[in-house]
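Please look over the sequence and the model that follow, and keep both at hand while reading. The text takes up the strands and then turns to the ligand.

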Amino acid sequence: MISRRTILAAGLVAVLAAPAVAQTPFKVGLILPMTGQSQSTGKQIEAAVKLYIAQNGDTVAGRKIEVIVRDDAGVADTTKRQAQELIVRDKVGALAGFGLTPLAMATAPLASQAKVPMIVMAAATSIIPNQSPFIVRSSQVLPQTAVAMAQWAAENGIKSAVTLVSDYAPGIDAETWFVKRFKELGGEVKESLRTPLASPDFAPVLQRAADAKPQAMFVFVPSGQGAAVAKQFAERGLDKSGIRLIGTGDVTDDDQLNGMGDAMLGVVTSGHYSASHPSAANKAFVAAFKAANPGMRPNFMAVAGYDGMHMLYEALRKAGGTADGEALVAAMKGMSFESPRGPVLIDAETRDVVHNIYIRRVERVDGELYNTEFATISMLKDPAKAAPKP
Ligand code: PHB
């Protein structure tokens with residue numbers, strides 16, 4: 001007689017003997033600057049990607065998601081070599097991350113050759129998605145924030161400005177589009193100053209900007225450098241000079257803002273994400289992020305990592321768990337969803353992110369510095385791409 005136990009045991013053997021899983025895992029090569037000048041970008045994005053997986057499960061459309069993190073230290077040659085290895089050796093189904101524009105630019109041709117989707121979660125120069133049909137962006141585009149800031153400044157009594165940007169592609173985008181829109185609206189740009197990306201010294205340029213006696217100083221530096229700007233701004237007493245500090249949200253980055261001090265109170269910036277964005281989705285995101293990462297506050301990099309994972313999960317679901325790069329990119333085109341930042345649309349034509357740009361003021365709230373949103377420009381497309389084709 002066959003006992004109940006034997007049947008159960010036989011069943012168990014059958015389960016164990018079945019092919020382990022019908023589908024192979026779907027690997028994501030997440031290349032980030034985990035060390036070096038942009039390490040906060042890497043840490044924020046990695047933490048948010050892990051949070052998304054913890055909240056949504058590590059299996060989607062029958063595929064187990066396996067994230068492989070590589071530290072490129074913000075060096076483009078390293079990013080490119082790591083992307084090559086991830087494609088050839090690890091056979092990743094998607095690449096993601098890209099902490100700085102040069103890192104994304106260096107990798108774009110590999111995404112095209114291998115037909116692997118490349119989700120850009122940090123780099124923000126307008127031209128990036130044009131470099132490969134496999135690029136989809138979840139971060140932001142500098143001309144979006146630059147024109148929003150120019151418009152707010154011109155409409156709020158600021159008639160003259162000096163621009164001060166990091167001397168590389170996103171800085172040039174910020175300068176170009178701020179100057180263009182500010183001048184169109186009747187503003188005068190007294191001087192346009194640039195600082196090197198690596199080891200910048202903000203003291204002399206801030207002094208030169210102040211000497212030009214503009215009503216406002218428009219600043220862009222990449223995430224991670226805002227605190228150094230704030231320190232020099234305060235040390236030179238510029239907060240008491242009558243010159244208003246304005247800029248893109250990269251400067252008053254939530255990762256560093258609370259440590260920047262009271263000299264930043266009242267600074268107005270334009271950005272797509274504030275940790276104090278007053279939506280239920282954002283409150284839940286911030287609470288979960290803080291619980292999983294004690295001592296950290298999510299910044300706009302984190303939200304782009306979180307949303308980038310969401311785009312990949314939804315694309316996998318829509319495309320039935322395929323690893324076909326073209327099908328995954330097609331599934332991301334036109335995708336819209338509610339992000340902790342607010343509504344997000346992936347423009348079907350450009351594969352670039354369309355979202356609200358908020359005008360925010362640095363305020364002390366419950367003892368901490370935050371970017372308090374007070375005006376919204378709804379669903380702004382990259383103005384550098386929005387122009388009608390001739
Ligand atoms: C970029 O290199 O494209 C970049 C990096 C950090 C930012 C913005 C742009 O905050």
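In this predicted model, strand β1, made up of residues 26–32, runs parallel to strand β4, residues 94–97, and four bridges join the two. One place to find this pairing is at L30, whose bridge partner in β4 is A96. Strands of a sheet, in general, pair through backbone hydrogen bonds, and they do so in either a parallel or an antiparallel sense.

The pair β1 and β4 belongs to an open sheet of six strands, which follow one another in the order β2-β3-β1-β4-β5-β6 with mixed pairing. At the edges stand β2 (59–60) and β6 (135–137), and because each of them has a single partner strand, one side of each is left without a neighbour in the sheet.

Further along the chain, strand β14, residues 353–365, pairs with strand β15, residues 368–380, in the antiparallel sense, and the pairing extends over 10 bridges. Within it, I359 of β14 has A375 of β15 standing opposite. The two strands form a hairpin with two residues between them, and in its turn D366 has a positive phi of about 50°.

Where, then, does the ligand sit? The ligand is found in the largest cavity, where 13 residues surround it, the closest being T101, A124, Y168, S223 and D250. By type, the residues of this shell divide into nine nonpolar, three polar and one charged.

Several of the closest residues also bring polar atoms up to oxygen atoms of the ligand. An N or O atom in the side chain of T101 is 2.5 Å from a ligand oxygen atom, and a polar side-chain atom of Y168 lies 2.7 Å from an oxygen atom of the ligand. In the case of S223 the backbone provides the polar atom, at 2.9 Å from a ligand oxygen atom. On its own the ligand has 280 Å² of accessible area, and the protein covers 100% of that area.

How values were computed: Residues numbered from 1 in each chain as written. Predicted model: local features only at pLDDT ≥ 70, side-chain atom pairs only at ≥ 80, totals over all residues. Heavy atoms only, no water. Near = heavy atom within 4 Å. Polar contact = N/O pair within 3.5 Å; in protein donor to acceptor, adjacent residues only side chain to side chain. Areas by Shrake-Rupley, 256 points an atom, 1.4 Å probe, with all protein chains shown as cover. 1 Å grid on protein atoms, 1.4 Å probe; cavity = no way out; pocket = protein on both sides within 12 Å on 5 of 7 lines; lining within 4 Å. Sits in = over half its atoms within 2 Å of the grid points. Nonpolar A, V, L, I, M, F, W, Y, C, P; charged D, E, K, R; others polar. Pairing = 2+ DSSP bridges.
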